[in-house]
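Q: I would like to learn how to read helices, burial and charge pairs from a set of coordinates. Could we work through one case together, step by step?

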Amino acid sequence: RRTSRLSTKMVEPTTQYTTAALAGKSGIDGAQSKEINPGLVYVNGYGMFDVITPPWNLYELANYYDTSFANHAAIDAKVENIVGLGYDFEISPRTMLKLEAAQAKTAENARKRIERAKVELTDWLESLNQEDSFTTIMEKVYTDVEATGNGFIEVGRTIKGDIGYIGHIPATTVRVRRLNDGYLQIIGQAVVYFRNFGATNPNPVTADGRANEIIHLKSYSPLNTYYGIPDIVSAMPSLIGDQLASRYNIDYFENKAVPRYIITLKGAKLSGDAEDKMFRFLQTGLKSQSHRTLYIPLPGDTDQNKVEFKMEPIENGIQDGSFKEYRKQNRDDILIAHQVPISKLGGSESGLAAALSQDRTFKEQVARPAQHHLEKVVNKIIKEKTDVLELKFNELTLTDEIAQSQILERLVKTQIMMPNEARQALDLPQRKDGDAPFVMTPRQATDAAATFSGNRARDTERTNSQSDGPATVTGRK
């Protein structure tokens, strides 16, 4: 039976395997993963290799991702909105300055080369793992970050020293060396050492002279500098309480929805056989079949004693959905800890305006800051290939396609954005004359001015209706 309370001290499981096969995942030019098969999850032996014990039991934290519906849904929502929307490559700020300073013909040729470089860079990044796409790798890594506070990206190099493999290693099996000179993964008798990304220090543990590297992502905690702490830890009482309440309801229905009773016998003494029959019925008989009948032979009444048999329930009220409000509060506590609104999980307890406001807050305070951090980490890999482009994770979109097209149209017409920049935002190929500002004809300028002045009031009203305050509906006069 699982313990109902998370241990604050990490206890390494005892070993159940004596050998462990390598995962065998491969990249390009002979680069491959050196991760131990993640199916063998029981580990031991970390103590002799000078590693730091995590402050929380990583296996228990990972288990709560699988067993708590609210925690699972909140983590999936964050993962999908942070790394699951895909990625794109954008021109780096330094390169953009050079393009703006270049002549039109030179800039046009440079943009063509950059568009080809985007395709080639995407193909290269996707070729670094033959089993998973880069988005899938990041989803696995960031799920570990949100579930356990730690995520690990494995980087393997070719004989020439170029990056040839990128993959995910389960966070529950990796430990940080005390000297911060690398990481260890031990399963059974198999030991694998990983360097820090970009490091060239010798292998202090095994004889592998070409150790792979690890990029460690962690949720910062001021209490530990080696490992991260997941958001769910702050809501641990609610998570454990919700599981206990759920177990209580399951036990109730397994007992055929019969509440607990006190059986009172007055003026009678049951025989040993009758007591045994009643005890067995109440212990096991109610759990086997519905609508069972209990037959207990009772002695007859006498002049001095009158036999009474009573079954009094010790639980009053509705029992088929106990702790409804308590479980709802636990769910809300878990979502608050993750900073995920209920609207992101497919539920809605408020109006449309409130849902839009919550989505905007989620994007600005949770998703985008996390994307900025991940982009800085991932671009360390991209910079080994090129410094012209930078990887950007696609953002959560709060506007529909019509509104977005109107915004781009206005930016192009007012010469704030070049036509090719707008086409890039729509994932369309570049045009030959798209790097020059858009110049409207006198007729187009007149029509645009009329349209803009006529729509200004409606645009203002639409913006106000999506603000944090209540929406105001007005009619035409």
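A: We can begin with a definition: the expected span of a helix is 1.5 Å times one less than its number of residues. Please keep in mind throughout that the model before us is predicted.

Q: How does that apply to helix α2, and what span should its 14 residues have?

A: Helix α2 covers residues 69-82, and at 1.5 Å a residue its 14 residues should span 20 Å; the C-alpha atoms at its two ends are 20 Å apart, so the expectation and the model agree.

Q: Which residues of α2 are buried?

A: The cut-off matters here, since a residue is called buried under 20% relative accessible area and exposed over 50%, with partly exposed in between. In α2 the buried residues are A70, N71, A74, I75, A77, K78, V79, N81 and I82.

Q: How should I read a salt bridge, and how many does a search of the whole structure find?

A: The general idea is that side chains of opposite charge can pair when their charged atoms come close. In this model, a search of the whole structure finds 14 salt bridges.

Q: Where do E115 and K118 lie, and how far apart are they along the chain?

A: Both belong to helix α4 (residues 104-127) and are three residues apart, about one turn of the helix, and their side chains meet in a salt bridge with an N to O distance of 3.5 Å. E115 is partly exposed, having a relative accessible area of 26%, whereas K118, with a relative accessible area of 9%, is buried.

Q: What does D242 form a salt bridge with?

A: The partner of D242 is R327, and the closest N and O atoms of the two are 2.9 Å apart. Because D242 lies in helix α6 (residues 236-254) and R327 in helix α8 (residues 324-338), the pair ties together parts that are 85 residues apart in sequence. D242 counts as buried at 5% relative accessibility, while R327, at 24%, counts as partly exposed.

Q: Is R331 buried or exposed, and what does its side chain meet?

A: R331 counts as buried at 17% relative accessibility, and its side chain meets that of D332 in a salt bridge of 2.9 Å, N to O. D332 itself counts as partly exposed, at 23% relative accessibility.

Q: Which residues are linked in a network of salt bridges?

A: The network links K363, R368, E375, K392 and E395.

Q: Which residues gather in a patch of positive charge on the surface?

A: The patch of positive charge is formed by R94, K98, K376, K380 and K383, and the helices α3 (93-101) and α9 (352-382) each supply at least two of its residues. One member, K376, is found in helix α9 and is exposed, with a relative accessible area of 65%.

Q: Finally, how far apart are the C-alpha atoms of I137 and I166, and of M418 and L408?

A: I137 and I166 are 29 residues apart along the chain, and their C-alpha atoms are separated by 8.2 Å; I137 is found in helix α5 (residues 134-148) and is buried, with a relative accessible area of 3%. For M418 and L408, ten residues apart along the chain, the C-alpha separation is 9.8 Å. M418 has its place in the loop between α10 (401-413) and α11 (419-425), and at 16% relative accessibility M418 counts as buried.

Terms used. Residues are numbered from 1 along each chain as its sequence is written. This is a predicted model: local features need pLDDT of at least 70, side-chain atom pairs count only at pLDDT 80 or more; totals for chains, interfaces and linings use all residues. Side-chain values use heavy atoms; hydrogens and water are left out. Patches are made of residues with over 30% relative accessible area and no salt bridge: like charges are joined within 9 Å, nonpolar side chains (Val, Leu, Ile, Met, Phe, Trp, Tyr) within 5 Å. Accessible areas come from the Shrake-Rupley method with a 1.4 Å probe; for residues, only the protein chains shown count as cover. A salt bridge is a side-chain nitrogen of Lys or Arg within 4 Å of a carboxyl oxygen of Asp or Glu. Lys and Arg count as positive and Asp and Glu as negative; His and the chain ends are not counted. The place of a charge is taken as NZ of Lys, CZ of Arg, CG of Asp or CD of Glu. Helices (H or I, at least four residues) and strands (E, at least two) are DSSP runs, numbered from the N terminus. Buried means under 20% relative accessible area, exposed over 50%, partly exposed in between (1.4 Å probe, protein chains only).
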